[in-house]
Amino acid sequence: MKAGVGLMKLYIKEKRFSWRDQLVIRNEKDEKVYTVKSERISIGNKVHVYNQANEIVVSIEEKKMGFSPKYVIYQQNEKIAEVKREKNIFGPDYDIEKINWKIKGNVEKEDYEIKEGYTEVASFKKKLFSYGDTFVLETKNEKDAPLALGIVIAIWCLELDEQDKT
């Protein structure tokens, strides 16, 4: 199989992302694929996703604009996407700007899809019958995995921001 082609499943064995913790993301063979580390900076938060060679593949950076923060996702220092939380009468929605991806499903219950038009790019859900909380991020194309992971982390960061307000 060529690199960047085909299905990829990533496993996250944590309940929630925390600013103090480090997450290890594994594949189906239980091999470490990515490590997620955060840093607190004076004007916001920054999270980096490292590959096995300890190179940054995605960075997620908080941008405080008005009352609602948003997180900007970078790949190779290029702004790829922005994720923000919008409130509506049915509950919060999460918008992805700069790319044509949309969130569909129940973010609060950790069961949603990331779609481009009508095509599923990735899905994120809690793994059934697992010890503790394990989540599965499944991408239809391996090359989309770092960006999809960045979006999941940005959503977690937005949820942390909301918890900090209460």
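This report describes the fold composition, the surroundings of E82 and the salt bridges of a predicted model.

## Overall architecture

The secondary structure of the protein chain consists of 12 strands and 1 helix. Read from the N terminus, the order of elements is β-β-β-β-β-β-β-β-β-β-β-β-α, with the helix following the strands.

The protein chain has 166 residues, of which 46% count as buried. Its accessible surface is about 9800 Å², and carbon and sulfur atoms contribute 48% of that area. Among contacts in the protein chain with a separation of 6 or more, 37% are between residues 24 or more positions apart.

## The environment of E82

E82 belongs to strand β7, which spans residues 78-88. The residue counts as buried because its relative accessibility is 6%, under the 20% limit that defines this class.

Two lysine side chains make polar contacts with the side chain of E82: K70 at 2.9 Å and K79 at 3.4 Å. When residues up to four places away in sequence are left out, E82 touches K70, Y71, V72, D95, I96, E97 and K98. K70 therefore appears both in this list of contacts and as a polar partner of the E82 side chain, within the 3.5 Å cut-off for such a pair.

## Salt bridges

Side chains of opposite charge can pair when their charged atoms come close. In the model, the count of salt bridges comes to 11.

One of them joins K46 and E61, with an N to O distance of 3.7 Å. K46 lies in strand β4 (residues 44-50) and E61 in strand β5 (residues 56-65), so this pair ties together parts that are 15 residues apart in sequence. The two partners fall into separate accessibility classes: K46 is partly exposed, with a relative accessible area of 22%, whereas E61 is buried, with a value of 15%.

Another salt bridge is formed by D30 and R26, whose closest N and O atoms are 3.8 Å apart. Both residues are partly exposed: D30 has a relative accessible area of 44%, and R26 has 28%. K115 and E113 also form a salt bridge, their closest N and O atoms being 3.5 Å apart. In this pair, E113 is partly exposed, with a relative accessible area of 26%.

## A linked network

Salt bridges also connect into a network, whose members are K9, E120, E138 and K140. This network comprises two lysine and two glutamate residues.

Definitions and conventions:
Residues numbered from 1 in each chain as written. Predicted model: local features only at pLDDT ≥ 70, side-chain atom pairs only at ≥ 80, totals over all residues. Heavy atoms only, no water. Helix = DSSP H or I, 4+ residues; strand = E, 2+ residues; numbered from the N terminus. Buried < 20%, exposed > 50% of the residue type's maximum accessible area, 1.4 Å probe, protein only. Polar contact = N/O pair within 3.5 Å; in protein donor to acceptor, adjacent residues only side chain to side chain. Contact = heavy atoms within 4.5 Å. Areas by Shrake-Rupley, 256 points an atom, 1.4 Å probe, with all protein chains shown as cover. Salt bridge = Lys/Arg side-chain N within 4 Å of Asp/Glu carboxyl O.
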